[in-house]
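Please look over the sequence and the structure below before reading on. The paragraphs that follow walk through two sites in turn.

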Amino acid sequence: MLKARVFKSAKREFECKILDSGERVVATALGNLLKGDENTIVVGDYVMIDNNVIVEVLPRTNEMYRLIIREQKKKVTASNCDLMVIVSSVSRPEYKRGIVDRFLVRAHQWGIRPLMVFNKMDEFNPDELDFQFEFDRMNNLGIECFEVSATDPNYKTQFLSLGLSDLKDRLAYKTSIFLGQSGVGKSRLISQVSDGAINLLSNEVGRVGKGKHTTTWSEIVDSERMSLIDSPGIRSFGVEDLLEEELITYFPDLEEGAVQCKFSNCEHHEDSKGCYFYTKLDQNAHSTKLKMSRLESFCRMKEEISQTPSYLKK
Ligand SMILES: Nc1nc2c(ncn2[C@@H]2O[C@H](COP(=O)(O)OP(=O)(O)OP(=O)(O)O)[C@@H](O)[C@H]2O)c(=O)[nH]1
Ligand SMILES: [Mg+2]
Ligand SMILES: [Zn+2]
């Protein structure tokens with residue numbers, strides 16, 4: 001028996017990398033490992049292989065997943081990832097902090113460390129984006145931020161201390177999942193951080209499953225130094241599968257304030273009576289503005305969750 005890692009999954013066939021030899025093999029799996037849910041073996045899984053048959057899936061350290069509420073199922077896309085690389089664009093598509101905050105919620109839920117990449121800095125225009133604000137916002141949460149241009153490897157950082165080479169260092173010998181809106185430059189960046197060893201622009205990973213349920217595969221791509229996932233599985237930014245009461249736990253920066261609101265069911269709106277955020281904070285302070293922008297994301301997600309009937313969730 002050999003220990004291997006699943007690099008690519010397609011319905012019933014799995015491309016695995018044998019850990020000792022680095023050899024790639026295509027394996028099938030014992031029927032009971034595939035029963036029920038279609039995702040019982042996912043990319044990232046460590047498995048035991050016997051004669052090109054997966055006979056055991058080893059326990060996962062974490063899972064990238066969503067709950068499909070109507071079907072009462074957990075849909076896992078990948079497992080055993082070390083880092084979530086949130087890729088954003090400072091030009092086009094426009095920077096959307098609401099989407100970034102949604103990824104941060106998933107990072108908490110999945111138990112994976114997030115990194116933030118500000119890409120397309122070669123096109124940065126200070127009239128279009130308050131870069132310092134967005135950086136402070138992330139930095140405040142303890143998230144490492146990188147200033148890069150995926151199309152210009154020689155781009156010199158102007159605002160942040162970390163750039164492309166630092167990002168490469170962070171990713172070394174780890175498995176990282178790249179998330180971000182379409183067009184922000186995930187595939188370009190993957191090719192850049194791998195020094196061209198990985199080229200996804202040609203084989204179009206991520207173009208496959210656009211529909212909700214069609215995404216049944218994804219892939220780990222690797223170079224000698226790193227393993228990366230350009231996930232087609234997490235295209236939706238919705239959070240309707242979360243429970244309303246758990247949401248605040250994914251906003252540790254707001255949780256402490258929220259418990260100080262006069263009413264435990266405070267909606268944290270401007271006219272909410274005794275709301276900590278509106279009555280106790282100096283609204284002109286920079287730190288308050290950062291916090292309020294996080295609160296805005298929180299309230300929007302809470303609203304979205306509350307519109308999904310809870311009987312569908314359990
Ligand atoms: N100017 C500039 N263009 C970039 C940069 N990074 C990516 N692009 C361009 O932006 C476009 C989208 O890049 P992709 O890497 O395909 O974006 P993606 O995030 O993988 O998009 P999806 O696969 O649709 O999710 C391409 O035309 C890239 O050449 C950058 O740093 N600067
Ligand atoms: Mg892409
Ligand atoms: Zn409140």
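Which polar side-chain atom lies 2.9 Å from a nitrogen atom of ligand 1? In this predicted model, that atom belongs to Thr151, whose side chain supplies the contact to the ligand nitrogen. Backbone atoms take part as well: a backbone N or O atom of Gly185 lies 3.0 Å from an oxygen atom of ligand 1, and a polar backbone atom of Arg188 is 2.9 Å from an oxygen atom of the ligand. Ligand 1 exposes 650 Å² when taken alone, and the protein buries 80% of that area.

Widening the view to the whole shell, one finds 18 residues surrounding ligand 1, with Asp122, Ala150, Ser182, Lys186 and Arg188 the closest. Helix α5, which spans residues 186–193, gives the largest share of this shell, namely three residues. Sorted by class, the shell holds eight polar, seven charged and three nonpolar residues.

The second site is that of the zinc ion (ligand 3), whose protein donors are the SG atoms of Cys261, Cys266 and Cys275 together with ND1 of His268, at 2.1 to 2.4 Å from the metal. Along the sequence these donor residues follow the spacing C-x4-C-x1-H-x6-C. The arrangement is tetrahedral because the angles subtended by the four donor atoms run from 103 to 115°, where all angles between 85 and 135 degrees are required. For four tetrahedral donors, the ideal angle at a metal is 109.5 degrees. Among the donor residues, His268 counts as buried because its relative accessibility is 7%, under the 20% cut-off, and Cys275 is likewise buried, with a relative accessible area of 0%.

Terms used. Residues numbered from 1 in each chain as written. Chains lettered and ligands numbered in written order. Predicted model: local features only at pLDDT ≥ 70, side-chain atom pairs only at ≥ 80, totals over all residues. Heavy atoms only, no water. Donors = N, O, S within 2.8 Å, 3.2 Å for Na, K, Ca; no water. Tetrahedral: all angles 85-135°; square planar, octahedral: opposite > 155°, others 65-115°. Buried < 20%, exposed > 50% of the residue type's maximum accessible area, 1.4 Å probe, protein only. Near = heavy atom within 4 Å. Polar contact = N/O pair within 3.5 Å; in protein donor to acceptor, adjacent residues only side chain to side chain. Areas by Shrake-Rupley, 256 points an atom, 1.4 Å probe, with all protein chains shown as cover. Helix = DSSP H or I, 4+ residues; strand = E, 2+ residues; numbered from the N terminus. Nonpolar A, V, L, I, M, F, W, Y, C, P; charged D, E, K, R; others polar.
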